[in-house]
Structures are given as structure tokens and as C-alpha cells.
Amino acid sequence: QADIAMYHTKDSGRNNYHFFNEKMHERVQDRLNILSYLYEGLSQRQFELFYQPKIDLESGRVIGAEALIRWHHPTRGLIAPAEFIGVAEQSGLIEEMGSWAMEEACRYCKQCLDLGLVDSGFTMAVNISPVQFARGSITKVVSDALKKSGLDADQLELELTESLLIDNSTSIKRALLQLRRMGVELAIDDFGTGYSNLGYLKAFEVSVLKIDRSFISRILEAEQSRILVEAIIQVASRLNIKVVAEGVENQKMAEALSMLGCDQAQGYYWSRPLNAMKFEKFMRNHQRDIRRNGGVPTLRA
Ligand code: C2E
Ligand code: MG
Ligand code: MG
Ligand code: MG
């Protein structure tokens with residue numbers, strides 16, 4: 001409660017107050033409401049990670065998963081991250097939330113390994129907010145989570161934003177290289193929506209590039225999107241950077257991407273993000289499928 005009051009004073013301090021019109025004031029109030037619920041939610045364990053399988057397009061096998069946060073609000077039900085990540089970032093709460101997600105994702109990946117649901121080639125991808133880099137705690141958060149879970153660093157992949165690479169500050173650069181030295185894979189999420197280029201990727205030792213869904217969704221209809229995606233894939237492959245397509249929703253898209261030489265993909269075509277129980281079921285079905293088909297999965301969920 002004290003924290004909320006503090007943020008309130010900061011946001012609408014007397015000097016700034018006259019700049020707010022009614023609408024803005026309402027928005028601030030909305031944010032404060034969400035923020036107070038977020039604090040409560042974290043302490044009462046209302047957050048959960050869902051996992052979306054990542055598929056190797058050549059073999060059709062699941063080679064990883066992306067952890068995606070969900071919030072079970074006691075009265076509002078399941079809330080998607082778009083509704084609260086922004087508020088968490090602006091308030092600084094993202095650090096606590098991010099640490100929790102990192103620890104939980106590593107723990108869960110280790111559990112899946114121990115259950116034999118995944119092998120040592122499987123990677124767990126965790127989304128990182130640029131704010132988590134700002135205060136320099138990210139390297140400790142990652143190393144603590146790895147140590148606590150016993151997960152190998154090379155099974156962890158961090159999904160970063162393009163803005164992080166552009167913000168070229170030395171502390172960010174240092175943190176990224178330190179993470180690489182720890183053996184963690186670095187991926188750029190939503191590639192193509194920001195202003196970074198492939199040159200940045202090499203400089204920061206990024207090893208995975210995720211092409212944004214907005215390009216992938218147009219790949220069948222728009223010649224321009226297809227040409228762009230093809231060019232990204234070609235340059236990335238020559239730089240030894242793996243390419244992942246996000247938001248693949250049907251077989252035609254999967255086939256087109258495979259033809260263009262895209263390495264990996266994820267999307268509703270194979271599976272939506274799943275809670276732990278459903279993810280385990282998905283992996284068991286997948287393993288059975290591979291056994292039945294002489295080592296080759298049928299590619300459908
Ligand atoms: P993202 O990292 O780009 O994640 C991909 C989003 O696309 C997810 O939305 C996923 O559910 C959705 N998606 C996957 N396949 C398909 C598809 O075939 N079609 C369509 N239409 N959508 C698909 P979600 O889970 O709502 O997450 C939204 C964003 O919230 C994420 O985008 C990520 O930026 C952020 N986020 C999620 N979890 C975390 C987290 O733990 N920490 C941080 N900092 N951000 C997170
Ligand atoms: Mg992501
Ligand atoms: Mg993405
Ligand atoms: Mg995206």
C-alpha cells in the first residue's frame with residue numbers, strides 16, 4: 001500500500017498536476033489500479049507461465065519452447081501480457097516479475113528434462129524486458145536461476161528486443177557479452193519491427209533471430225513480405241544466425257517458410273501456448289508420434 005502511494009505522488013505530483021486533463025487522469029488511475037493488483041498478484045502467486053512449442057522445420061521435431069506469462073486475476077480471469085507488461089515496466093515491477101519468470105522457466109525446463117519429456121538439445125526461451133537490463137541485475141538473475149534449477153546455460157535462450165541493441169550503452173553491451181560468456185543463447189524477438197540491422201546481431205553475438213509475426217502473416221499474399229523474409233533468412237544463414245518464424249498459423253505458411261530455408265517456427269498451426277499440464281501432454285503425444293512413424297513426426301499437433 002505504501003508503494004502504491006509513493007508511485008501516486010510521483011506520477012501526479014502537485015507541479016505536474018495541472019497538465020493532466022480528465023482523460024489522462026483516468027488513464028493514470030487505471031494504471032494505478034492495475035499496479036496495485038499486480039503487486040497483490042505477485043505476492044499471491046497469481047502468475048503462471050504457458051509454453052509454446054518451437055518446431056524444427058526440417059525434422060518436424062519440437063526443439064524448444066517459449067515461456068509466456070499469464071495472469072489469473074481472481075475476478076477478471078486470465079489476463080494476457082499486453083494488458084500489464086507496460087505498467088509493470090513503467091513501475092519497475094517488471095524486475096520482480098521477470099526474476100520470477102526466469103526462475104520458473106528454468107525450473108520447469110529442468111523438470112521436463114528429468115521427466116524425459118525433452119532432451120539436452122531442447123531450449124527454453126524467456127522474454128526479457130529492456131527494463132531488466134537498465135539496472136544491471138539481469139546477469140545475476142540469470143545465473144541465480146540456472147544455479148538454483150541446475151539447468152545448463154546452453155538450454156536457456158533469452159528473447160531480447162531490437163531496442164536493446166540500438167541503445168548501445170556500454171553497460172548493456174557488457175551485460176550481453178557476459179550472458180554469452182555464460183553460455184546462454186541470445187535471440188532477437190519481433191525482428192523487423194524496430195530499426196536494428198543484421199550487423200548489430202553479429203556485434204552482440206546474437207545467435208537467433210525471430211522474424212515478427214506481421215511479416216510471416218503476409219508471406220502468402222504479399223510478394224514484398226516474402227522477398228523480405230527470404231532476404232533475412234539468406235543473410236542470417238550466412239552469418240550463422242538461426243531464424244525462427246513466429247505466428248505460423250497454417251500448413252501453407254509452414255511449407256512456404258520451409259522452402260525459403262527458415263530453420264524453426266512456432267505458431268497456432270502446431271500449438272497455442274499451453275499450461276504446464278497441457279504442454280506435458282503435447283510432448284508425450286509428440287514422442288509417441290515420432291516412435292510410431294519411425295523417427296519422423298507427422299508435424300501436426
Ligand atoms: P512475443 O514474445 O512476440 O510472443 C509471441 C506472441 O504471439 C504470444 O502472445 C503468443 O501467444 C502469440 N502467438 C504465438 N503463435 C501465434 C499465432 O500463430 N498467431 C497469433 N495470432 N499469435 C500467436 P502473448 O503470449 O500474448 O504475449 C505477448 C507479448 O508479451 C510477447 O510477445 C512478449 O513480448 C510479452 N511477454 C510475454 N511473456 C513475457 C514475460 O515473461 N516477460 C516479458 N518481459 N514479456 C513477456
Ligand atoms: Mg518472445
Ligand atoms: Mg515475438
Ligand atoms: Mg511478436
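**Magnesium sites and the ligand 1 pocket**

In this predicted model, the magnesium ion (ligand 4) is coordinated by Asp-190 (OD) and Glu-246 (OE) at 2.1 to 2.3 Å, where donors are N, O and S atoms within 2.8 Å of the metal (3.2 Å for Na, K and Ca) and where sites may look incomplete, water not being among the atoms. This pair links distant parts of the chain, with Asp-190 in strand S6 and Glu-246 in strand S8 (residues 242-246), 56 residues apart; strands (E, at least two residues) are DSSP runs numbered from the N terminus. Residues are numbered from 1 along each chain as its sequence is written, and chains are lettered from A and ligands numbered from 1 in the order in which they are written. Local features need pLDDT of at least 70, side-chain atom pairs count only at pLDDT 80 or more, and totals for chains, interfaces and linings use all residues, while side-chain values use heavy atoms, with hydrogens and water left out.

Asp-190 coordinates both the magnesium ion (ligand 4) and the magnesium ion (ligand 3), which are 3.0 Å apart. The donors of the magnesium ion (ligand 3) are Asp-189 (OD), Asp-190 (OD) and Glu-246 (OE), at 1.9 to 2.5 Å, and in sequence these donor residues are spaced D-D-x55-E. A distance of 3.6 Å separates the magnesium ion (ligand 3) from the magnesium ion (ligand 2), and Asp-189 coordinates both. For the magnesium ion (ligand 2), coordination is by Glu-66 (OE), Asn-127 (OD1), Glu-159 (OE) and Asp-189 (OD), at 1.9 to 2.2 Å. Asn-127 lies in strand S4 (residues 123-127) and Glu-159 in strand S5 (residues 156-160), so that this pair ties together parts 32 residues apart in sequence.

Glu-66 and Asp-190 also approach ligand 1: a polar side-chain atom of Glu-66 lies 2.9 Å from an oxygen atom of ligand 1, and an N or O atom in the side chain of Asp-190 is 3.1 Å from an oxygen atom of ligand 1. Taken alone, ligand 1 exposes 800 Å², of which the protein buries 82% (accessible areas by the Shrake-Rupley method with a 1.4 Å probe). The elements that give two or more residues to the shell around ligand 1 are strand S2 (62-73) and strand S6 (185-191), and S2 provides the largest share, four residues. Of the 21 residues around ligand 1, those that come nearest are Arg-70, Asn-127, Asp-189, Glu-249 and Tyr-268, a residue being near if one of its heavy atoms lies within 4 Å. By class, the shell around ligand 1 has eight nonpolar, five polar and eight charged residues, with Asp, Glu, Lys and Arg counted as charged, Ala, Val, Leu, Ile, Met, Phe, Trp, Tyr, Cys and Pro as nonpolar, and the others, Gly among them, as polar.

Key
A polar contact is a pair of N or O atoms within 3.5 Å; within protein, one must be able to donate a hydrogen and the other to accept it, and residues adjacent in sequence count only if both atoms are side-chain atoms.
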